[in-house]
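This report goes through one protein chain, from its overall layout to single residues. Keep the sequence and the structure in view while reading.

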Amino acid sequence: MHDEPIDPFNGDPADPTAGLQDPREDDPLDPLTEVERQDVLEDLADLEIYQALLAPIGVRGLVIECEDCREPHYFDWDLLRGNLRHLLSSGRPRVHEPAYDPDPDHYVTWDYARGYADGVHDTLTEGTEEDDSSDA
């Protein structure tokens, strides 16, 4: 399994982008700060929890409002995980494109996913907290 999408022109002499250079290659690479790195690692851990809780009820991924283009971007679980891993390894976010004809009903925001996970956690620990206080 690949973390990144496979380049359909990889090794193809007729690659239409063969003569183009990624303009970011010339930019100096600013590695993530330790705080930024920790934030990305926490996002990856949260993503695992959100997928485990939400995928079984039909949620396909998360929607993120893009700061650059002010459009919602829909990411399935694997693509978002791959993007976060790429950010960890390269220090740069991937170039993004809006998803092709996504069904917004199958995606939720980070805040919704976080609230859902918190609600599940609170429900599961509700009975144990009462049991702990009655033992005192």
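pLDDT is the predictor's confidence in each residue, on a scale from 0 to 100. The model shown here is predicted, and the mean pLDDT of its chain is 82. A value of 70 or more is reached by 75% of the residues. Among the elements of the chain, helix 1 has the highest mean pLDDT, 97, and helix 3 (residues 110-134) the lowest, 85. Where pLDDT is low, the predicted coordinates should not be read in detail.

**Overall layout**

The chain contains 3 helices and 3 strands. Followed along the sequence, these elements come in the pattern α-β-β-α-β-α. Of the 136 residues, 23% count as buried. Among contacts between residues at least 6 apart in sequence, 69% join residues at least 24 apart.

**Helix 1**

Helix 1 covers residues 34-54, which is 21 residues. From its first C-alpha to its last it reaches 30 Å, close to the 30 Å expected at 1.5 Å a residue. Which residues of helix 1 are buried? They are Val-40, Leu-44, Leu-47, Tyr-50 and Leu-54. Seen down the axis of helix 1, these buried residues fall within an arc of 130 degrees, so they line one face of the helix. Glu-34, Val-35 and Ala-52, on the other side of helix 1, are exposed.

**Salt bridges**

Side chains of opposite charge can pair when their charged atoms come close. The structure holds 3 salt bridges, listed in the table with the distance between the N and O atoms.

| Pair | N to O distance |
|---|---|
| Arg-81 and Glu-48 | 2.6 Å |
| Arg-81 and Asp-78 | 2.7 Å |
| Asp-111 and Arg-114 | 3.0 Å |

Take the pair of Arg-81 and Glu-48, which forms a salt bridge. Arg-81 lies in helix 2 and Glu-48 in helix 1, so this pair ties together parts that are 33 residues apart in sequence. Arg-81 is buried, with a relative accessible area of 8%, while Glu-48 is partly exposed at 38%.

Arg-81 also forms a salt bridge with Asp-78. Both of these residues lie in helix 2, 3 residues apart, which is about one turn of the helix. Asp-78 is partly exposed, with a relative accessibility of 41%. Glu-48, Asp-78 and Arg-81 are thus linked in a network of salt bridges.

The remaining pair in the table is Asp-111 and Arg-114. These two residues are 3 residues apart in helix 3, so about one helical turn separates them. Asp-111 is exposed, with a relative accessible area of 59%, and Arg-114 is partly exposed at 34%.

**Asn-83 in helix 2**

Helix 2 spans residues 77-90, and Asn-83 lies within it. Is Asn-83 buried or exposed? Its relative accessible area is 15%, and Asn-83 is therefore buried, since buried means under 20%. Leaving aside neighbours within four places in sequence, Asn-83 is in contact with Phe-75 and Arg-94.

**The cysteines**

A disulfide is a covalent bond between the sulfur atoms of two cysteines. How many disulfides does the structure hold? The number is 0. Why is there no bond between Cys-66 and Cys-69? The cysteine sulfur closest to that of Cys-66 is in Cys-69, 3.5 Å away, which is too far for a bond. The cut-off used for a disulfide is a pair of sulfur atoms within 2.5 Å. Starting from Cys-69 gives the matching result: the closest cysteine sulfur is that of Cys-66, at 3.5 Å. As for accessibility, Cys-66 is buried, with a relative accessible area of 9%, and Cys-69 counts as partly exposed at 34%.

**Arg-70 in a loop**

Arg-70 lies in the loop between strand 1 (61-65) and strand 2 (72-76). Its phi angle is near 60 degrees, a positive value in a residue other than glycine. Arg-70 is exposed, with a relative accessible area of 61%.

Notes. Residues numbered from 1 in each chain as written. Predicted model: local features only at pLDDT ≥ 70, side-chain atom pairs only at ≥ 80, totals over all residues. Heavy atoms only, no water. Helix = DSSP H or I, 4+ residues; strand = E, 2+ residues; numbered from the N terminus. Buried < 20%, exposed > 50% of the residue type's maximum accessible area, 1.4 Å probe, protein only. Contact = heavy atoms within 4.5 Å. Expected span 1.5 Å × (residues − 1). Arc of directions from axis to C-beta. Salt bridge = Lys/Arg side-chain N within 4 Å of Asp/Glu carboxyl O.
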